[in-house]
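Colleague: I am new to reading protein models and would love a guided tour. Could you take me through this one, idea by idea?

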Amino acid sequence: MCGINGILHFDKKPIDKNQLVKMRDALEHRGPDDAGIFVDNNLGLGHRRLSIIDTSAAGHQPFVSDSGRYIIVFNGEIYNYKSFYTELESKGFKIKTGSDTEVLLKLYEIHGMEMLPRLEGMFAFAIWDTLEKKLVLCRDRMGVKPLYYSLFNDTLFFASEQKAIFSAGVPLRLSDDGIDEYFFNRFVAGENTLFTKITKVLPGHYITFDKEGKQKSTQWWNLKNEIQNYSKIIDPKKWFEETFFESVSQRMVSDVPVGVLLSGGLDSCSVLSSLYHQDYKNIDTFNIGFSQSEHNESFLAKDITAKFGYNFNSIELEKDTLYNNLLEASYNQDEPLMHLNEPHLLAISKVAKNKVKVLLSGEGADELMGGYVRYKALQSLTLLKSISYISKLQIFSKNPRYNKLARYSKIENPDDLIIFNGSNIYPNDINEFYFNKIKPSNEYRYSILKEAKELYPNNLQRQALYFDQHTYLCSLLDRNDRCTMGSSIECREPFLNSKLIAGLGTLEDKWFFTGKKGKFILKDTMQNKLPSEIVNFKKVGLSTPWGNYLTKEPLFCEELESFQKSTIFDLPFLENIKAEKLVEQIKKEDSKILPYFMPIFMFHIWHKTYFSKFI
């Protein structure tokens, strides 16, 4: 797990090593163990290393092929890298290290990018061809590992995080479309970002840049095609258990200790149970606890850790420590926080750093198997219309969850029911609160929705799952990466095995939506391998009591005063907002205002913490 960066001048001017190193070292948190650069006239590559597999100096990057033709900088893990040893040796290659980077580069020498479908892992990498003067940037199937690039002043800049690109001198400019999408949809999806001139490499894609600066983007993995071509699953429970357990085992490949990020919920406890039933020893679990019972699953995490004979580690984050982690997480994230539990993940990663270098997470289960309550609203459009009618009587106004459902039910366009299913406020709310804002074009979101409708016609729930797998899940994975790598910890997600992702997409609805909670196939498979109190416990997830923080913690109370004077209210999108009125409602502990307030507050924190560093 590492940080990568690079510069390619299309006008052929030589690389400024100081600029290259400055980019690289902006990513030091991603790789504190080692650092390196490679320069080939107008091309420079940088690498910060977090040593996980082959921790010796043999794994140093940039990594050069035996022939000297190819140079790679690689971030991630190829879990099945040893399975290629026999093939490589039969082709005359000698394996000189224990590194998966060496295997990846040798596979590229033989197969080029045709190797990609054979890889099981999470990765972002760049390969430079010194002969053809060609650069390839590539990203894994689901976008677990980040990769950004910018074309500025006849130069390509790329890096694992946006801050490294800004460190190279690319100007930080907010995108109007990006701001619109942030407030309407919580995050910017697809290849766009919150910034002008900064673009993501899409998951499952690679981009080739030739010596003249021409670029070609290729999609090497498409989930719709994978689902359509997946062999029929005869026994779903047996298939799921075998595939899931294999995935967990693959993600234990490491030359350093591995722990589990354990909430106490079904997903992360299933990961831990799989380790236990595969006889893994000496596992540390890491948990965030909350003093408020409605947010706390810590007791479940502690109990199951003890039941399996593992080691439990837990903290509660509060007061000054919470505030300081919020500021740090805002800088690490490069964009405003939107999941609202980033400070907590960062804090527990710091605790984990004292014992492990790798954490397993339950991320992805909800989006793959229908674990969110919000999917239930899509079961019946007729029922939604009835709720919309009843909501006019104001009977839902006092309960935040029912109030949210009532507001959601007012969306009339079925496509928008999918597009905004993961939002906390909806177009009608936006128009009333911000005063007549136009919905963002959301071209990427609608292109994914088109695929979802072709794959699951007339099935809004399955369309929502497919849509979230390309949008909301990407934001969660980015959050996990930034929070854990902010503490120099690698995070791995066993539910994101390529076979699981595609195979689940072929199953009937009953395997997802049977029962009250969703994820029926996971619950049914694991019910005999987990305590009943975990299988049946009401889903909490890593929810956080921000209403209490804002009104009861002194540093947050002070921040509310700063918020009222923030320069963000000069932005066109926010020009009609009365900050003083918002703060007044927060101080009155009006829970209904939180979904409107938190995106603006987090934008303020980010603007204060991050924005000024690059202006």
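Modeller: Happily! Let us begin with pairing: two strands pair if DSSP finds at least two bridges between them. Helices (H or I, at least four residues) and strands (E, at least two) are DSSP runs, numbered from the N terminus. Please keep in mind that this is a predicted model, where local features need pLDDT of at least 70, side-chain atom pairs count only at pLDDT 80 or more, and totals for chains, interfaces and linings use all residues. Residues are numbered from 1 along each chain as its sequence is written, and side-chain values use heavy atoms, with hydrogens and water left out.

Colleague: Which strands form a hairpin?

Modeller: β2 and β3 do, with two residues between them. In the turn, N41 has a positive phi of about 60°. The pairing of β2 with β3 (residues 43–49) is antiparallel and runs over seven bridges. To see one pair, find I37, which stands opposite G46 in β3.

Colleague: What is the order of the strands in the open sheet?

Modeller: The six strands come in the order β2-β3-β1-β9-β8-β10, with antiparallel pairing. At the edges are β2 (34–40) and β10 (199–200), each pairing on one side only. β10 is joined to β8 (residues 148–151) by two bridges, and these strands also run antiparallel. There, Y148 stands opposite K200 in β10.

Colleague: How many helices and strands does the chain have?

Modeller: It has 27 helices and 17 strands. For overall compactness we use the radius of gyration, taken over C-alpha atoms, and compare it with the globule rule, 2.2 Å times the number of residues to the power 0.38. Here the radius is 24 Å, close to the 25 Å that the rule gives for 615 residues, so the chain is as compact as a globular protein of that length. Along the principal axes, the C-alpha atoms fill a box of roughly 75 × 55 × 45 Å.

Colleague: What percentage of the residues is buried?

Modeller: A residue is buried under 20% relative accessible area, exposed over 50%, and partly exposed in between (1.4 Å probe, protein chains only). By that rule, 63% of the 615 residues are buried.

Colleague: Why is helix α18 described as largely enclosed by the rest of the structure?

Modeller: Eleven of the eleven residues of α18 (residues 460–470) are buried, so the helix is largely enclosed. Among them are charged or polar names such as R462, D468 and H470, alongside L460 and F467.

Colleague: What about unusual backbone angles?

Modeller: As a general idea, most residues other than glycine have a negative phi, and most peptide bonds are trans. D54 is not a glycine, yet has a positive phi of about 50°. N282, also a residue other than glycine, has a positive phi near 55°.

Colleague: Where do D54 and N282 lie?

Modeller: D54 lies in the loop between β3 and β4, while N282 is in the loop between α8 (266–277) and β14 (284–289). D54 counts as buried, at 11% relative accessibility, whereas N282 is exposed, with a relative accessible area of 68%.

Colleague: Which residues does a cis peptide bond join?

Modeller: Q61 and P62, with omega about 0°. P62 is found in the loop between β3 and β4 (63–64).
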